[in-house]
Amino acid sequence: MSSKPANETVQKRKPRDAAGSKKSILTAALREFSEEGFSGARVDRIAKRAGVSKPLIYEYFGDKNAVYAAALREAYIRIRQGENTLDMDAMEPEAAVDALVRFTVRHYRENPWFISMLNTENLHGGSTIKQIDGLSEIQSGLISKLGDVLARGEKAGLFRTGVVPADFYITIASLCYFPISNKHTLEKVFELTIDEEWLTRHTDEISRMVLAYLAKR
């Protein structure tokens with residue numbers, strides 16, 4: 001039996017999964033920058049974490065500054081994607097606010113890179129986020145939804161008037177953010193154990209506090 005010509009036996013190179021590679025690189029970059037900070041992060045370690053070559057990262061994103069900008073943008077996109085899963089329009093106003101509180105705490109707890117990335121960017125005076133294109137993708141559409149929830153709560157006689165949706169969102173984010181971002185110092189200074197049980201109790205308290213703030217007097 002005759003063998004096939006060599007050019008027929010050579011296997012074709014497997015098509016590159018560009019979308020999958022980019023996602024892996026961004027996930028690796030989020031972890032690298034959040035753990036090492038901007039100055040300590042290394043592109044070669046990002047490549048190793050992502051299981052890709054260093055030149056591929058440069059091909060897709062550019063230098064370290066560009067990789068950081070892409071990772072920062074991705075951090076915002078991922079929380080926005082999570083927020084979009086909240087079907088607040090179908091919930092009663094008080095239940096919708098409670099769901100937002102619980103989602104926010106859960107996202108911060110399960111994605112520690114989000115807090116670290118925000119801390120890093122604020123240490124740099126927000127210089128990178130000011131230059132990111134497509135801000136509409138990272139701006140929260142949740143503010144509009146929250147405005148509708150507040151309006152429905154007012155109409156039902158549950159919530160007081162005059163609450164600014166963006167300000168209210170920042171209040172919720174602040175209450176959820178602080179005990180997670182400052183866990184280690186809070187535990188030491190106040191002799192606390194900020195564990196699963198403590199955070200669950202704190203989440204319940206945040207929900208009660210913000211609903212009491214909204215309540216019509």
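Q: Why is Glu32 called buried?
A: In this predicted model, Glu32 has a relative accessibility of 0%. Buried means under 20% relative accessible area, exposed means over 50%, and partly exposed lies in between (1.4 Å probe, protein chains only). Glu32 therefore counts as buried. The residue is placed in helix H2 (residues 18-40); helices are DSSP runs of H or I with at least four residues, numbered from the N terminus.

Q: What does Glu32 contact, leaving aside its neighbours within four places in sequence?
A: Contact means heavy atoms within 4.5 Å. By that rule, Glu32 is in contact with Gly37, Gly40, Ala41, Arg42, Arg45, Ile46 and Arg49.

Q: On what basis do such statements rest?
A: Because this is a predicted model, local features need pLDDT of at least 70 and side-chain atom pairs count only at pLDDT 80 or more, while totals for chains, interfaces and linings use all residues. Residues are numbered from 1 along each chain as its sequence is written, and side-chain values use heavy atoms, with hydrogens and water left out.

Q: Why is Phe190 called exposed or buried?
A: Phe190 has a relative accessible area of 55%, so this residue is exposed. Its place is in helix H11 (residues 183-190).

Q: What makes the nonpolar surface patch that includes Phe190?
A: Val189, Phe190 and Leu192 make a patch of about 300 Å². Patches consist of residues with over 30% relative accessible area and no salt bridge, where like charges are joined within 9 Å and nonpolar side chains (Val, Leu, Ile, Met, Phe, Trp, Tyr) within 5 Å. A salt bridge is a side-chain nitrogen of Lys or Arg within 4 Å of a carboxyl oxygen of Asp or Glu.

Q: How do you know whether the length of helix H6 (residues 93-110) agrees with expectation?
A: The expected span of a helix is 1.5 Å times one less than its number of residues. For the 18 residues of H6 this gives 26 Å, and the end C-alpha atoms are 26 Å apart, so the two values agree. Helix H10 has 17 residues and reaches 24 Å from its first C-alpha to its last, close to the 24 Å expected.

Q: Which helices do the buried residues of H6 pack against?
A: They pack against H5 (64-84), H7 (112-123), H9 (142-155), H10 (165-181) and H12 (196-214). Among the buried residues of H6 are Pro93, Leu100, Phe103 and Tyr108.

Q: What makes Tyr108 notable in the largest nonpolar core?
A: Such a core is a set of buried Ala, Val, Leu, Ile, Met, Phe, Trp, Tyr and Cys residues joined through side-chain atoms within 4.5 Å. The largest has 54 residues, and Tyr108 is one of those with the most contacts inside it, including also Phe33 and Phe168. Not counting residues up to four places away in sequence, Tyr108 touches Ile79, Phe114, Ile115, Ala173, Cys176, Tyr177 and Ile180.

Q: What does Tyr177 of helix H10 touch, beyond residues up to four places away in sequence?
A: Tyr177 touches Tyr108, Ile115, Leu118 and Asn119. Tyr177 is also among the buried residues of H10.

Q: Why is Val163 called buried?
A: Val163 has 11% relative accessibility and so counts as buried. This residue lies in the loop between H9 and H10. Leaving aside neighbours within four places in sequence, Val163 is in contact with Leu150, Phe168, Tyr213 and Leu214.

Q: How do you know whether Gly82 is buried or exposed?
A: The relative accessible area of Gly82 is 14%, and therefore Gly82 is buried. Gly82 lies in helix H5.

Key: Accessible areas come from the Shrake-Rupley method with a 1.4 Å probe; for residues, only the protein chains shown count as cover. Helices (H or I, at least four residues) and strands (E, at least two) are DSSP runs, numbered from the N terminus.
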